[in-house]
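Here is a quick tour of the charged pairs, a helix with a buried side, and the cysteines. Have the model open while you read.

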Amino acid sequence: MPRRGYASRPSSSVVRLGSLPQSSEEDLKLIQDRIALFGLAAFLLTTMFLVAHSGLDLGLADGQGFLTNSGRTCHLLATLAAFTTWQVARRERIYSPAALTWLDALGTVGICVPFAAMGHFLKQPFGLYTALLAILHVNVGRAALVPSVALRTLAICGASFVGVIVSRAIVSLPETPYPSALRLRWVLEAALWSGAGSCVATLASHVIYGLHEKALEARQLGQYELERKIGQGGMGEIYRARHAMLRRPT
């Protein structure tokens, strides 16, 4: 019988909860491992840049180096969010589909919001492009690693990039005779780059998720879903399977 808290996939389609594919414990473990890999990759990359920038700015006063004190704090928070996502997802316990859905969303947005704040406190326009690049890499990396339908990826990208647009709406303007026009240009520029990055990540997620679904369908044999190979002999191979209608192992 299925373990409590998990659902079985019907023979004709993939069951979704929170737009994440889920069926057997093995499928959930795959998603959890992918979230852990995403968190680890983000943690290693953010740590690399944090150490590099801190080393280059060593001995310089705040405002003279690439990272300000506030920017460095935000970068550290993004690194901590990536580390937390990795540590939570790498546990032996297999989480429910709902828990994985929230871990995926909160982990991604939790990394990107501090990056948006970091860009706000850096020198402009370098702050804008630094934040955009960081958030873009996070979302494209997530799209490549974590199975997710396109609409969910688009929503997570929107939540990830919105901080950059807000930053451009409130950041201090340089001396100019046309402050309103400059403000509008900055906000539109941030919105266009954010939209472009969201489209790239969403397209990647759509393609990769489609390949993931095809792999799951390939495991389907009539009314049976093949789970794993458990033996082999002279007459053939033996697989553990699950009957779609009876909801029991075979």
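A salt bridge here is a side-chain nitrogen of Lys or Arg within 4 Å of a carboxyl oxygen of Asp or Glu. This is a predicted model, where local features need pLDDT of at least 70, side-chain atom pairs count only at pLDDT 80 or more, and totals for chains, interfaces and linings use all residues. Residues are numbered from 1 along each chain as its sequence is written, and side-chain values use heavy atoms, with hydrogens and water left out.

**Salt bridges**

Searching the whole structure turns up 3 salt bridges:

| Pair | Closest N to O |
|---|---|
| Lys29 and Asp33 | 2.7 Å |
| Arg142 and Asp104 | 2.9 Å |
| Asp104 and Arg152 | 2.9 Å |

Asp104 sits in helix α3 and Arg152 in helix α5 (residues 150-170), 48 residues apart, so this pair ties together distant parts of the chain. (Helices are DSSP runs of H or I, at least four residues, numbered from the N terminus.) Asp104, Arg142 and Arg152 are joined in a network of salt bridges.

Are the members of the Asp104 and Arg152 pair buried or exposed? Both Asp104 and Arg152 are buried, where buried means under 20% relative accessible area, exposed over 50%, and partly exposed in between (1.4 Å probe, protein chains only). Arg142 is buried too, at 1% relative accessibility.

Lys29 and Asp33 are a local pair: both lie in helix α1, 4 residues apart, or about one turn of the helix. Lys29 is partly exposed, with a relative accessible area of 27%, and Asp33 is partly exposed at 37%.

**Helix α2**

Helix α2 covers residues 69-89, and its end C-alpha atoms are 31 Å apart, in agreement with the 30 Å expected for 21 residues. (The expected span is 1.5 Å times one less than the number of residues.) Its buried residues include Gly71, Cys74, Ala78, Ala82, Thr85 and Trp86. Looking down the axis of α2, the buried residues fall within an arc of 150°, so they line one face of the helix. That arc is taken from the directions from the helix axis to the C-beta atoms.

**Cysteines**

How many disulfides does a search of the whole structure find? The count is 0, taking a disulfide as a pair of cysteine sulfur atoms within 2.5 Å. Cys112 is in no disulfide, and the nearest cysteine sulfur, that of Cys157, is 8.1 Å away. Cys112 is buried at 0% relative accessible area, and Cys74 is buried at 9%.

Notes: Helices (H or I, at least four residues) and strands (E, at least two) are DSSP runs, numbered from the N terminus.
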